[in-house]
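Hello,

Here is the structure I promised to pass on to you. Please have a look at it first, and then read on for what turned up in it.

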Amino acid sequence: MADQISITGIKAFGYHGVLPHEAVEGQEFIIDLVINLDLQAASQSDDLSQTINYADLAQIVHENIVGERVALIERLAGRIADEIKGAYREIQSVSVTVHKPHAPVTVNFTDIAVTITR
């Protein structure tokens, strides 16, 4: 299936991380979604009910970033992927990339990210 919905750069402030100070100070997380599904009906009908509302997907991501704390971004990505996949049976696969650009790493880096696909 070649049809996809992509949402990139969803930003929110959360308190995820292994280190104690991450639970207190928090940091910004950025999440990208790639969802594979059949969009033929939506492409022909121009009807929102034939696809997935992007705002709803972004809201699920946002709620997970600002919600319950996790230690690993792997868990955060998996939790989001599982929730989205469970909410929309028409999804064939979902990839969630969690970026942690301010991770507490002692060397210079541009980004640290984890991608989970379900």
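Let me start with a pair of charged residues: E22 and K100 are both buried, where buried means under 20% relative accessible area, exposed means over 50%, and partly exposed lies in between (1.4 Å probe, protein chains only). Their side chains meet in a salt bridge, with 2.7 Å from N to O; the term stands for a side-chain nitrogen of Lys or Arg within 4 Å of a carboxyl oxygen of Asp or Glu. This pair links distant parts of the chain, as E22 sits in helix α1 and K100 in the loop between β3 (91-99) and β4 (113-117), 78 residues apart.

Before going further, a word on the model: it is predicted, so local features need pLDDT of at least 70 and side-chain atom pairs count only at pLDDT 80 or more, while totals for chains, interfaces and linings use all residues. Residues are numbered from 1 along each chain as its sequence is written, and side-chain values use heavy atoms, with hydrogens and water left out.

How many salt bridges does a search of the whole structure find? There are two. Besides the E22 and K100 pair, the side chains of R118 and D82 meet in a salt bridge, also listed with 2.7 Å from N to O. Here too distant parts of the chain are linked: R118 belongs to the segment after β4 and D82 to helix α4 (residues 73-87), 36 residues apart. R118 counts as partly exposed because its relative accessible area is 39%. D82 is partly exposed as well, with a relative accessibility of 39%.

Now for the overall picture. The protein has four helices and four strands, and from the N terminus on they run β-α-β-α-α-α-β-β. Helices (H or I, at least four residues) and strands (E, at least two) are DSSP runs, numbered from the N terminus. Taken along the principal axes, the C-alpha atoms fill a box of roughly 50 × 25 × 20 Å. Of the 118 residues, 42% are buried. Among contacts (heavy atoms within 4.5 Å) between residues at least 6 apart in sequence, 61% join residues at least 24 apart.

What about the surface? The accessible surface comes to about 6,700 Å², and 50% of this belongs to carbon and sulfur atoms; the areas come from the Shrake-Rupley method with a 1.4 Å probe, and for residues only the protein chains shown count as cover. V18, L19 and L72 make a nonpolar surface patch of about 260 Å². Patches are made of residues with over 30% relative accessible area and no salt bridge, with like charges joined within 9 Å and nonpolar side chains (Val, Leu, Ile, Met, Phe, Trp, Tyr) within 5 Å. V18 is found in the loop between β1 (4-14) and α1 (20-25), and V18 counts as exposed because its relative accessible area is 58%.

Two more places are worth a visit. D46, in the loop between α2 (40-45) and α3 (54-66), has a positive phi of about 60 degrees although it is not a glycine. Is D46 buried or exposed? With a relative accessible area of 74%, D46 is exposed. L37, in contrast, lies in strand β2 (residues 27-37) and counts as buried, at 2% relative accessibility. The C-alpha atoms of L37 and T51 are separated by 8.8 Å, and these two residues are 14 apart along the chain.

Enjoy exploring!

Best wishes
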